[in-house]
Amino acid sequence: MNVLLFGFLLHSVHCEDFSVSLPQQLEAVRGSCLTIPCSFTVRDNYNKQLHSGCRAEWRDANNVQTTVEFTRPTTGDLTQKNCTTTVYDITEQQGRRVWFRLDCDNPLKWTFTDKTLNITVNVPPTPTLTPPTVSVSEGQSVSVQCSVPVPCLSPTPTLIWSPVLGHIQETLQEQPDKTYVKVSTLNFTVSDPETSLSCSAVHSRVDGTTVSSAVATAQVMCPQCHKFSVSLPPNIKALQGSCVTIPCSFQVENKYKTNLDSGCKVVWRDITENTLLNTRQTGDITQNSCSTTFHDIGHQHNQTYFFRVECDNLLKYTFREAGVNLQVTEAPPTPTLTPPTVSVSEGQSVSVQCSAPVPCLSPTPTLTWSPVLGHIQETLQKQPDKTYVKVSTLNFTACPLHHKTNLSCSAVYSREDGTHVLSPSAQITLDITYQPRNTRVTVSPSGPVTEHSNMSLSCSSDANPAVQHYHWYKADGGTHTLIGNSSVLNMKASRDTTAIFCEAQNELGTDNSTVTDLDVQFPAQILSSSNCPGDSARMSCVCETEGNPFPLIQWSLPEISSNHSISSEPLSDKALRSVITVIKPQWRDPVTLVCHSSNSLGSQKQRFSALAVLYRPLNTRVTVSPSGPVTEHSNMSLSCSSDANPAVQHYHWYKADGGTHTLIGNSSVLNMKASRDTTAIFCEAQNELGTDNSTVIHLDVQFPAQILSSSNCSGDSAQMSCVCETEGNPFPLIQWSLPEISSNHSISSEPLSDKALRSVITVIKPQWRDPVTLVCHSSNSLGSQKRRHYTHEFQQAGAEIEVKSLLLISIIIILLALMCVLLYVIRTQNIRLKCRSDDVALNPIPLSNESQVETQMGFYASTNEMVPQAESNIYANANELRAEEQAKSSAPNCNKENIQASDSGQDNALYSIVNWKTRSKKKVQETAANTDPPCSSYLEEERSIVGDRGRFCVSEKLVECEYAQVKFKPKKQVQ
């Protein structure tokens, strides 16, 4: 580390241009902010490397490799060599000896070890009271200042006086090392023999808390207080014809203090005891003020006056201890300018004060600046001797235009007779230092110069201090090349050096002139970039030339008879490009093209040799006649052309249909009938070197609107939809005719292609019962077509039918279950009874409620025994019953098969016969007449009384089921 430190120190010795300006010591308050005033200079050749990529660092002076990490540091403009840094929330660990380091993203990296800053972080410093002790006379004005260092300008410390004996005025003063001190001035009049003053400072921390410093004290002594004494200025100047105010205060012995009352008055006497009469008392005598204004001052008042107090009691006293010498002048005094000289750098704020004495407060003098360079602020300031001074402060920012400006200030006083008198002017000359400006170049000779001739360029600039260094640069785009280092540059004119500027530098900075464009003239010259490229379709020769004055180009084509074109464009204000293009070169032998370039200073030519070019067809294209839309089946002609060498030998025409190509012709012209099926066509050109296709030509074949076969209608009980699809070119339109429909409906349309359209009409809950007709009309400008759509009756009972279907299915399931139960009972009885040969006697059963059995089939059957013979015929006297059934045609008939009960002559005796019927289908007539819900079934019971006999009939209304039929027969027929 010692070797490294020695290297830095040694480098600093040899490179004195690297320097930094820093205070030696800064005191900071823990937790507050700290501003480090800093400025620097670098070696001349590094000035250009100061830019926004530079940053400031603070290195530990005890370990140069260690960077002191401050909180939120903010740095001034490093490009202006301002390294002032403000840090926040400073801690004790950051208190150390530091060096400033400049670190740029280029070779400029430097640690300034010539100045060391010692930062201490401690409790707030104790303010300083000036003077620490004061000894004055009674009634005398005293000014005591309390000052404290300001570590950071935002915010400054707050100074607190105790006790507050008078007026307080605060200022912020910049020290020579660029640090600041806050000063609070307490102005008061002494009235006590001994007074103790104290002052403390309150500093603010970053976190919002505050911390107070120790208290500084001062003693004010007044040995003569409480005796007869007077305080007034020894001399005062007055303008003839105006007024003057004598500030005055007094003290009397303690035993006379009670005599000071409203009966006392102020009297002024001269040395001969003559009383001055034209006066006006302005102070309160009871408060020990004897201030008085003298009016209409003349030369007779040019003498010394003494104050006398006269009361209507024992207090009468002339204060001969001190008098005021009144000096009457013809002209007002000259104002005072502060500071007497101004020497600042451009951009700095300047404050100049013009002050003039105020003999009388009404009116005060008027202060006038010339010229007015900025903002003016006026105040009336009370002096320690109680006189007043009017101060006008002119604030402005220094700029180069202010340099050597004579700044003057004058005062205008008013006399009591209404006239005015002007004071002499106070004047200072401003000395403003600034970096070079208005840098400019003068060229000799002016105007155009011939290449290689001698020329001289001079650089001048306005600067204070004067320019120290000049530098000349050649500008080439974004690159600058140094070519000279004096105020005058002598050089040979060259076409390569036409843009030049100079740089002027003093100790404050640099300034560049604008770029001067030299008009260097030289003969026309063809550039090496000239060439003659070509391909199978064309050959282009490029000729590029440069010259000043601007050159011209001409082509010589003695051996060429082919089609060609020539185009030119400037490359710059001194260069030109010309291109000759030969379209479809047909020659087979080499040819020569010559480019001639010339201007007023000379000419040059270059020959280009072109070889023969053979190529396959290129730029194959199709021409259609007639162009634009054509009507289907009309005649049309298509021509195919192409560039080729040798010429095209064969042409082929193809119809393009997606990825399929169909040959439709074999000549350069294709004559055809326009068809909607052939709208995409291209041609192919062929010679012995190859083929080339044109782009696909899309023919606009127009045809009338036509409704497609895919149009249809579909529907159900909720809605009906009809679809109409049409095709045509121009694009067709669709309209629906609905003259017979009053139902709610909607229509929607969508394009199927650029020539086809689909339209859908939807009828919601159609209400009609008879067939209706919907008509679709399709049309375009070439024709129209329509199609009718027929619909049938829609019933609105869909929901009811569905309910009846479910009911029928439920009844069928119940009947099947009942038959299964009945079969089970019959079979059980059959096992218990013995079979008889042919007949089974059925015991008579009275028709009463005693033996009635209610079946689940909805009728009554009285029986003792059952012997079923078969599932389809289970009664004993089947033959007799069939004969009787045929004979008794007049009996109630409920169906093809029925159950009858007839009287036999026996009282209350019936026989029952059970017939099992298989499944049967209802007839269509019965179905049409049935008003019951469809798909339902049931057994209907019917009873009739014949005499005293009961007759039962069970009619079967079964669509498809099995059921049991019971017939009742007389007993005699089965015995």
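**Reading burial, pairing, backbone and empty space**

Q: Does L430 count as buried or exposed, and at what relative accessibility?

A: L430 counts as buried, because its relative accessibility is 1%, and a residue is called buried when this value is under 20%. This is a predicted model, and what follows should be read in that light. L430 has its place in strand β37, which runs over residues 426-444. The C-alpha atoms of L430 and K404 are 5.1 Å apart, although the two residues are separated by 26 positions along the chain.

Q: Which other residue lies in strand β37, and what should I look for in its backbone?

A: As a general idea, most residues other than glycine have a negative phi, and most peptide bonds are trans. N438, which also lies in strand β37, has a positive phi, near 55 degrees. At 42% relative accessibility N438 counts as partly exposed, whereas L430, in the strand β37 too, is buried.

Q: Where is N288 found, and what is the value of its phi?

A: N288 is found in the loop between β25 (279-281) and β26 (292-294), and its phi is positive, near 70 degrees, in a residue other than glycine. N288 counts as buried, since its relative accessibility is 17%.

Q: Which residue is joined to P363 by a cis peptide bond, and which to P549?

A: The bond from S362 to P363 is cis, with omega near -5 degrees, and P363 has its place in the loop between β31 and β32 (366-370). N548 and P549 are likewise joined by a cis peptide bond, here with omega of about 15 degrees, and P549 has its place in the loop between β47 (538-548) and β48 (552-556).

Q: How many salt bridges does the count come to, and what is the idea behind reading them?

A: In general, side chains of opposite charge can pair when their charged atoms come close. In this model the count comes to 24 salt bridges. One of them joins D60 and R96, whose closest N and O atoms are 3.0 Å apart. This pair links distant parts of the chain, with D60 in strand β5 (residues 55-60) and R96 in the loop between β8 (85-88) and β9 (97-103), 36 residues apart. D60 is buried, with a relative accessible area of 10%, while R96 is partly exposed at 25%.

Q: Which residues are linked with R308 and E310 in a network of salt bridges?

A: The network of salt bridges links R269, E273, R308, E310 and R320. Within it, the side chains of R308 and E310 meet at 2.7 Å, N to O, and both R308 and E310 are buried. For another setting, take the salt bridge of R577 with E569, in which the closest N and O atoms are 2.7 Å apart. R577 counts as partly exposed at 24% relative accessibility, and E569 counts as partly exposed at 39%.

Q: How much space lies in the second largest pocket, and which residues are closest to its centre?

A: The general idea is that rolling a probe the size of a water molecule over the atoms shows where empty space is left. The second largest pocket holds about 1100 Å³ of space. It is lined by 33 residues, of which Q169, T171, Q173, Q353 and Q381 are the closest to its centre. At least two lining residues come from each of β13 (141-150), β15 (167-174), β16 (180-189), β31 (349-358) and β33 (375-382), and β15 supplies the largest share, seven residues. By class, the lining has eleven nonpolar, 18 polar and four charged residues.

Q: How many cavities of 30 Å³ or more does the structure hold, and which residues line the second largest cavity?

A: The structure holds four such cavities, and about 70 Å³ of space lies in the second largest of them. The second largest cavity is lined by V29, S32, C33, P151, C152, P155, T156, P157, H203 and S204. Its lining divides into six nonpolar, four polar and no charged residues.

Q: Which residues form a nonpolar patch on the surface with V825?

A: V821 and Y824 form the patch together with V825, and the accessible area of the three comes to about 310 Å². V825 lies in helix α2, residues 798-832. At 41% relative accessibility V825 counts as partly exposed, and residues enter such patches when their relative accessible area is over 30%.

Technical notes. Residues numbered from 1 in each chain as written. Predicted model: local features only at pLDDT ≥ 70, side-chain atom pairs only at ≥ 80, totals over all residues. Heavy atoms only, no water. Patch = residues over 30% accessible without salt bridge, like charges linked within 9 Å, V, L, I, M, F, W, Y side chains within 5 Å. Areas by Shrake-Rupley, 256 points an atom, 1.4 Å probe, with all protein chains shown as cover. Salt bridge = Lys/Arg side-chain N within 4 Å of Asp/Glu carboxyl O. Helix = DSSP H or I, 4+ residues; strand = E, 2+ residues; numbered from the N terminus. Buried < 20%, exposed > 50% of the residue type's maximum accessible area, 1.4 Å probe, protein only. 1 Å grid on protein atoms, 1.4 Å probe; cavity = no way out; pocket = protein on both sides within 12 Å on 5 of 7 lines; lining within 4 Å. Points joined across faces, edges and corners; volume = space filled by probe spheres on them. Nonpolar A, V, L, I, M, F, W, Y, C, P; charged D, E, K, R; others polar.
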